[in-house]
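Please open the model in your viewer and keep the selection tool at hand. The tour below goes from stop to stop, saying at each one what to select and what can be found there.

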Amino acid sequence: MTLEGEAFFEVTPDSKRPFIVQTGDVETTVLGTSFNVEAYPAEEKVKVAVMTGKVSVNTPRQNTSTTSRETIVLSPLEMATYSKKTNKSMVSGYDPLTVFGWGDGTLHFENASMSEFVAKLERWYGVDIIVKRDKPVPNGITGTYTQLPLEEILMGHRSASEFDFEFLPNGNVIIK
């Protein structure tokens, strides 16, 4: 299976028919599990997070001229983050609400930068958001929202994140 975007999978192990998710250079082989893959073409990173079971993540090796690959086996609460720019993979823990909340209609931000905040809102609400401010958000953007209108989320962060916003007639947004 080929994926561009984000998807959650629950897969029953079947040694005769392995389930493989291909996202550009990153290949995730399921070893019987539930997991999330985030691989948007315009974003620099591919993320694979395991909820239950195990997956094997196969990526190009860093700084090699050959076609060698690196294989990482992930267990529950582990996430592999692969950088398309550097061909480097990193394994870390993750916040389950941040990674899997979207499946329940929940948006969660934990110290997100303005660009991370905007990218998630654009995908979630299907709008374009134009940011016309250079000032970073102090302390990042943090919050959890379940099935709220975009305007309520923006209103909730306007003061603390020191920005203003305006809806355009076409439904898109400008953040100032």
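Leaving aside its neighbours within four places in sequence, which residues is Thr 106 in contact with? Select Thr 106 to begin, keeping in mind that this is a predicted model. Its contacts beyond those neighbours are Leu 97, Gly 101, Trp 124, Thr 144, Tyr 145 and Thr 146. With one of these residues, Thr 146, the side chain of Thr 106 makes a polar contact of 3.0 Å. Thr 106 has its place in strand S8, and because its relative accessible area is 10%, below the 20% limit, Thr 106 counts as buried.

**Along strand S8**

Strand S8 covers residues 106–112, and Asn 111 is part of it. Select Asn 111 and look at its backbone: its phi is near 55°, a positive value in a residue other than glycine. That deserves a pause, because most residues other than glycine have a negative phi. The relative accessible area of Asn 111 is 48%, so Asn 111 is described as partly exposed.

Now move to Ala 112, which also lies in strand S8. Is Ala 112 buried or exposed? Ala 112 is buried, with a relative accessible area of 6%. If neighbours within four places in sequence are set aside, Ala 112 is in contact with Phe 117, Gly 140 and Ile 141. Select Gly 143 as well, and you can check that its C-alpha atom is separated by 9.4 Å from that of Ala 112, although the two positions lie 31 residues apart along the chain when counted from one to the other.

**A second positive phi**

The next selection is Gln 147, which is found in the loop between strand S10 (141–146) and helix H3. Gln 147 is not a glycine, yet its phi is positive, at about 50°. Its relative accessible area is 65%, and Gln 147 is therefore classed as exposed.

**The open sheet and its helices**

Select strands S9, S12 and S11, which in that order form an open sheet of three strands with mixed pairing. Strand S9 (129–131) and strand S11 (165–167) are the edge strands, each of them pairing on one side only. Neighbouring strands of this sheet are turned against each other by 15° on average, with direction ignored. Strand S9 and strand S12 (residues 173–175) run parallel and are joined by three bridges, and in this pairing Ile 130 stands opposite Ile 174 of S12.

Add helix H2 (residues 114–125) to the view: this helix packs on the sheet and touches S9 and S12, while its direction makes about 165° with that of S9. Then add helix H3 (residues 150–158), which lies across S11 and S12 and runs at about 165° to S11.

**Rings and charges**

How many aromatic pairs are there? The count comes to seven. One of them joins Phe 165 and Phe 167 in an edge-to-face arrangement, with 6.0 Å from centre to centre and 85° between the planes. Compare how the two residues are covered: Phe 165 is buried, with a relative accessible area of 11%, whereas Phe 167 counts as partly exposed at 34%. Elsewhere, select Phe 8, Tyr 94 and Phe 100 together, since these residues are linked by ring pairs into a cluster.

Two further selections bring a side chain over the face of a ring. Lys 120 lies over the face of Phe 109, at 5.3 Å from the ring centre, and Arg 123 lies over the face of Tyr 40, at 3.9 Å from the ring centre.

**The hairpin of S2 and S3**

For the last stop, select strand S2 (residues 20–23) and strand S3 (residues 26–39), which pair in the antiparallel sense over four bridges. One residue to pick out here is Gln 22, whose bridge partner in S3 is Glu 27. The hairpin has two residues between its strands, and Gly 24 takes a positive phi near 65°. Which residues of S2 make up its covered face, and which its uncovered one? Val 21 and Thr 23 belong to the covered face, while Ile 20 and Gln 22 belong to the uncovered one.

How values were computed. Residues are numbered from 1 along each chain as its sequence is written. This is a predicted model: local features need pLDDT of at least 70, side-chain atom pairs count only at pLDDT 80 or more; totals for chains, interfaces and linings use all residues. Side-chain values use heavy atoms; hydrogens and water are left out. Buried means under 20% relative accessible area, exposed over 50%, partly exposed in between (1.4 Å probe, protein chains only). Two strands pair if DSSP finds at least two bridges between them. Rings of Phe, Tyr and Trp (its six-membered ring) pair if their centres lie within 6.5 Å; planes under 30 degrees apart count as stacked, over 60 as edge-to-face and the rest as tilted. A charge sits over a ring if NZ of Lys or CZ of Arg is within 6 Å of the ring centre and within 35 degrees of the ring normal. Axes are lines fitted to C-alpha atoms, for helices over the stretch in contact, and angles run from 0 to 180 degrees between N-to-C directions. Contact means heavy atoms within 4.5 Å. A polar contact is a pair of N or O atoms within 3.5 Å; within protein, one must be able to donate a hydrogen and the other to accept it, and residues adjacent in sequence count only if both atoms are side-chain atoms.
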